[in-house]
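Biologist: Please take a close look at a single part of this model, and then set it beside the other local features that deserve a careful reading.

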Amino acid sequence: MLDNITGSIISVQVTGQSAQLNMNRCFFISRMRPSTALYVTKGGSADVRECLFLDFSSTVVVADRGSKATLHACRLFAQSSFDRLLNVSDGAEVLATHNILQQDVKGFGPAEVYLNNCKAVLLENDIETHAGIEVIESDVLLSQNRIRTSRRGRWGQALQIEGSSDRTHVVVADNVVHTSGSYGLYVHVAAACVFRVSGNQIEHVPVPSAAGRNVPIWLPNDFVPIHFANEVI
């Protein structure tokens with residue numbers, strides 16, 4: 001148990017099936033790079049609530065099958081366009097509710113929320129980043145989040161979804177999305193994937209330098225979602 005701790009750290013690591021961490025009301029700031037605030041791997045588990053993590057190159061990393069993390073009412077701040085706020089991969093699972101994930105530095109870095117081959121539920125979060133959310137071949141529910149991106153480059157989508165097999169199951173429902181990139185929502189998935197997008201409000205500000213690419217939603221021509229009904233502002 002880590003409770004009411006404030007300080008500068010490189011990383012808190014939770015490794016192995018017997019490793020369990022409860023972290024409440026902690027404030028950690030990074031003074032070194034590269035640095036990871038929380039690293040859960042090899043079957044470890046972490047329950048993190050009401051914590052603040054500031055200026056880490058990888059704020060929360062959850063990797064390997066069996067690894068699990070719950071983030072509730074936390075604040076994750078990044079101050080570089082190449083920093084990742086949430087990185088979940090290799091069969092890990094994450095539940096994120098009522099968090100603030102923020103990185104508003106303009107640049108050309110990767111998506112700050114990266115979900116690759118994992119299971120993730122993101123519910124009622126406030127996500128204000130440079131390059132948004134990237135989902136690759138994962139089981140993901142994104143619902144009732146506020147998602148805002150500031151990238152004004154060639155791509156710049158708030159949400160990018162890719163999948164090449166039936167391992168991709170994605171539901172994007174009832175989110176409020178604002179993007180100033182070339183795309184609001186970019187989907188490139190195989191027809192075998194389970195994919196539902198509905199009830200979202202998408203506000204898209206076109207990029208003058210990206211003629212021919214400015215669309216709120218981009219779907220492949222041969223892809224038909226199970227359900228697709230959104231309000232484009």
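The reply below begins with one loop residue and then turns to backbone angles and rings.

Modeller: This is a predicted model, in which local features need pLDDT of at least 70 and side-chain atom pairs count only at pLDDT 80 or more, while totals for chains, interfaces and linings use all residues. Residues are numbered from 1 along each chain as its sequence is written, and side-chain values use heavy atoms, with hydrogens and water left out.

The part I would choose is Ser-138, placed in the loop between strand S18 (133-136) and strand S19 (139-143), where strands are DSSP runs of E with at least two residues, numbered from the N terminus. Ser-138 has a relative accessibility of 1% and therefore counts as buried (buried is under 20% relative accessible area, exposed over 50% and partly exposed in between, with a 1.4 Å probe and protein chains only). Its side chain makes two backbone approaches, reaching the nitrogen of Asn-117 at 2.8 Å and the oxygen of Ile-136 at 2.8 Å; a polar contact here is a pair of N or O atoms within 3.5 Å, one able to donate a hydrogen and the other to accept it, and residues adjacent in sequence count only if both atoms are side-chain atoms. With neighbours within four places in sequence set aside, Ser-138 is in contact (heavy atoms within 4.5 Å) with Leu-115, Asn-116, Asn-117 and Cys-118, and also with Arg-167, Thr-168, His-169 and Val-170.

Two other loops deserve attention for their backbone. Most residues other than glycine have a negative phi. Asp-55, however, has a positive phi of about 70°, in the loop between strand S8 (52-54) and strand S9 (58-63), and at 18% relative accessibility Asp-55 counts as buried. Ala-73 likewise has a positive phi, near 55°, in the loop between strand S10 (68-72) and strand S11 (75-77), but Ala-73 is partly exposed, with a relative accessible area of 29%.

As for rings, the whole structure holds one aromatic pair: the ring centres of Phe-28 and Phe-53 are 6.2 Å apart and their planes lie at 35°, so the pair is tilted (centres must lie within 6.5 Å, and planes under 30 degrees apart are stacked, over 60 edge-to-face and the rest tilted). Phe-28 belongs to strand S5 (residues 27-29) and Phe-53 to strand S8, so the pair ties together parts that are 25 residues apart in sequence, and Phe-28 and Phe-53 are both buried.

Conventions:
Helix = DSSP H or I, 4+ residues; strand = E, 2+ residues; numbered from the N terminus. Phe/Tyr/Trp six-rings, centres within 6.5 Å; stacked < 30°, edge-to-face > 60°.
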